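Reader: I am new to this structure and would like to go through it by question and answer. Please show it before we begin.

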Amino acid sequence: MGRLTTHVLDTANGCPGEGIKIKLYLLGGDGSRSLIRDAVTNSDGRTAEPLLDEADFKAGKYELEFAAGDYFQNRGTKLPDPMFLDVVPIRFGIADEHAHYHVPLLISPYGYSTYRGS
């Protein structure tokens, strides 16, 4: 069976993004979102376990939300009001229920990137 994992790298400070709150939503065809999991990153910027695995891992459209603004505020980063980035959403699709989908986030207060990792 497949699985979904993530991790966060703080590119502004050159370290893992520790303590970042993450929410995972399943997206409906009508535009609805159903919260299916929440987690917090550990000292390595990863979640303690996969966000989805085994029976919960299904094909579909998903959205990850990362509370990046809270993370940078908690670090004491000087931010404008309102901050440029607050909650960072990443929408993606899972097509292969037997594959490993890894969705990392590279974040700074003014930009981010993601990709399908391994």
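Reader: Leaving aside its neighbours within four places in sequence, which residues is Ile107 in contact with?

Author: This is a predicted model, in which local features need pLDDT of at least 70 and side-chain atom pairs count only at pLDDT 80 or more, while totals for chains, interfaces and linings use all residues. Residues are numbered from 1 along each chain as its sequence is written, and side-chain values use heavy atoms, with hydrogens and water left out. Contact means heavy atoms within 4.5 Å. With neighbours up to four places away set aside, the partners of Ile107 are Val8, Leu9, Asp10, Thr11, Ala12, Ala68, Phe72, Leu85, Val88 and Tyr112.

Reader: Which element gives the most residues to the largest nonpolar core?

Author: A nonpolar core is a set of buried Ala, Val, Leu, Ile, Met, Phe, Trp, Tyr and Cys residues joined through side-chain atoms within 4.5 Å; buried means under 20% relative accessible area, exposed over 50%, and partly exposed in between, with a 1.4 Å probe and protein chains only. The largest core has 25 residues, of which Leu4, Leu24, Leu64, Phe66, Phe92, Leu105 and Ile107 touch the most other members. At least two residues each come from β4 (21-27), β7 (60-67), α1 (68-74), β8 (87-94) and β10, where helices (H or I, at least four residues) and strands (E, at least two) are DSSP runs numbered from the N terminus. The element that gives the most, with 4 residues, is β8.

Reader: Is Ser108 buried or exposed?

Author: Ser108 is placed in strand β10, residues 105-108. Beyond four places in sequence, Ser108 touches Thr11, Ala12, Phe72 and Leu85. Because its relative accessibility is 17%, Ser108 counts as buried.

Reader: Which element supplies the largest share of the lining of the largest cavity?

Author: On a 1 Å grid over the protein atoms alone, a cavity is a set of points where a 1.4 Å probe fits but cannot get out, and its lining residues have an atom within 4 Å of a point. The largest cavity has a volume of about 30 Å³, a volume being the space filled by probe spheres set on the points, which are joined across faces, edges and corners. Its lining consists of Ala68, Gly69, Phe72, Leu79, Leu85, Ile107, Ser108 and Pro109. Both α1 and β10 supply at least two of these residues, and the largest share, 3 residues, comes from α1.

Reader: Why does the salt bridge between Glu65 and Arg33 tie together separate parts of the sequence, and how many residues apart are they?

Author: A salt bridge is a side-chain nitrogen of Lys or Arg within 4 Å of a carboxyl oxygen of Asp or Glu, and the closest N and O atoms of Glu65 and Arg33 are 2.7 Å apart. Glu65 counts as buried at 16% relative accessibility, whereas Arg33 counts as partly exposed at 37%. Glu65 lies in strand β7 and Arg33 in strand β5 (residues 33-40), so the pair ties together parts whose separation in sequence is 32 residues.

Reader: Which residues do salt bridges that share partners join into one network?

Author: The structure holds 6 salt bridges. One of them joins Asp44 and Arg46, at 3.1 Å from N to O. Salt bridges with shared partners form one network of Arg33, Glu63, Glu65 and Arg91.

Reader: What is the phi of Glu54?

Author: Most residues other than glycine have a negative phi, and most peptide bonds are trans. Glu54 lies in the loop between β6 and β7 and is exposed, with a relative accessible area of 54%. Although Glu54 is not a glycine, its phi is positive, at about 45°.

Reader: What is the omega of the cis peptide bond from Asp81 to Pro82?

Author: Pro82 is placed in the loop between α1 and β8. The peptide bond that leads from Asp81 to Pro82 is cis, with omega near 5°.

Reader: What is the relative accessible area of Pro104?

Author: Pro104 lies in the loop between β9 (100-102) and β10. Not counting residues up to four places away in sequence, Pro104 touches Thr6, His7, Ser113, Thr114, Tyr115 and Gly117. Pro104 is buried, and its relative accessible area is 0%.

Note on methods. On a 1 Å grid over the protein atoms alone, a cavity is a set of points where a 1.4 Å probe fits but cannot get out, and a pocket is an open set with protein on both sides within 12 Å along at least five of seven lines; lining residues have an atom within 4 Å of a point.
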